[in-house]
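Work through these exercises with the structure in view. Try each task before reading its solution.

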Amino acid sequence: MHIIINSSLMVPIYEQIMEQIKTQIRDGSLHENDSLPSVRALSKELKISALTVKKAYDHLESEGFTVTVHGKGTYVAAANPELLLEEQKKEVEADLELAIQKGRRYGLSTEEIRSLFELILED
């Protein structure tokens, strides 16, 4: 598993870890039942607090991407295609929201934004 932390981003480190693990699960780099590094090992490797890694792992588990077995470690959960699809839809939705906000900042009407969206969909 390969994780890169970019401290110049405005994204919290635990979210960077989560997103990179989710991406690796989605693209097949990480498979069901693959073991993630221990909290201590990953924190040492990334030179960050173990609490930050723990927070990322806890969030991944609460979202259904991982399972933690006390005393054994954290593992990639069984693939749930609906969960992965929902996660991808959320990402697209967030990107679309940013585009709409930008259009409004530039003074475009809702109809102008809709027309641009439809034009792009035609490609």
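**Exercise 1.** By class, how many residues in the lining of the largest pocket are nonpolar, polar and charged?

*Solution.* This is a predicted model. Start with the lining as a whole: 13 residues line the largest pocket. Now sort them by class. Nonpolar residues number 9, polar 1 and charged 3. The volume of this pocket is about 260 Å³.

**Exercise 2.** Find the residues nearest the centre of the largest pocket, then name the helix that gives the most to its lining.

*Solution.* Go to the centre. Ala 99, Ile 100, Ile 113, Leu 116 and Phe 117 lie nearest to it. Next, look at the helices. Helix H4 covers 81–105 and helix H5 covers 110–121, and each supplies at least two residues of the lining. H5 gives the most, with 6 residues.

**Exercise 3.** Describe the second largest pocket: its volume, its lining and the elements that supply it.

*Solution.* Take the volume to begin with. It is about 220 Å³. Then take the lining, which has 15 residues. Val 39, Tyr 57, Thr 68, Gly 73 and Thr 74 lie nearest the centre. Now trace the elements. Helix H2 (39–46), helix H3 (50–62), strand E1 (66–69) and strand E2 (73–76) each supply at least two lining residues. H3 gives the most, with 4 residues. Finish with the classes: 4 nonpolar, 6 polar and 5 charged.

**Exercise 4.** Is Thr 110 buried, partly exposed or exposed?

*Solution.* Place the residue. Thr 110 is in helix H5. Read its relative accessible area: 41%. Compare that with the cut-offs. Buried means under 20%, and exposed means over 50%. The value of 41% falls in between, so Thr 110 is partly exposed.

Add one distance. Thr 110 and Ile 100 are 10 residues apart in sequence. In space they are 8.5 Å apart, C-alpha to C-alpha. Ile 100 is one of the residues nearest the centre of the largest pocket.

**Exercise 5.** How are helices H1 and H3 oriented relative to each other, and what is the handedness of their crossing?

*Solution.* Locate H1 at residues 13–26. Check the approach: the axes of H1 and H3 come within 8 Å. Take the angle, which is roughly 45 degrees. Apply the cut-offs. Angles under 35 degrees count as roughly parallel, and 65 to 115 as roughly perpendicular. The crossing angle of H1 and H3 fits neither range, so the two helices are oblique to each other. Last, the handedness: the crossing is right-handed.

How values were computed: Residues are numbered from 1 along each chain as its sequence is written. This is a predicted model: local features need pLDDT of at least 70, side-chain atom pairs count only at pLDDT 80 or more; totals for chains, interfaces and linings use all residues. Side-chain values use heavy atoms; hydrogens and water are left out. On a 1 Å grid over the protein atoms alone, a cavity is a set of points where a 1.4 Å probe fits but cannot get out, and a pocket is an open set with protein on both sides within 12 Å along at least five of seven lines; lining residues have an atom within 4 Å of a point. Grid points are joined across faces, edges and corners, and a volume is the space filled by probe spheres set on the points. Ala, Val, Leu, Ile, Met, Phe, Trp, Tyr, Cys and Pro count as nonpolar, Asp, Glu, Lys and Arg as charged, and the others, Gly among them, as polar. Buried means under 20% relative accessible area, exposed over 50%, partly exposed in between (1.4 Å probe, protein chains only). Axes are lines fitted to C-alpha atoms, for helices over the stretch in contact, and angles run from 0 to 180 degrees between N-to-C directions. Angles under 35 degrees count as roughly parallel, over 145 as roughly antiparallel, 65 to 115 as roughly perpendicular and the rest as oblique. A crossing is left-handed if the near helix is turned anticlockwise from the far one by less than a right angle, and right-handed if clockwise.
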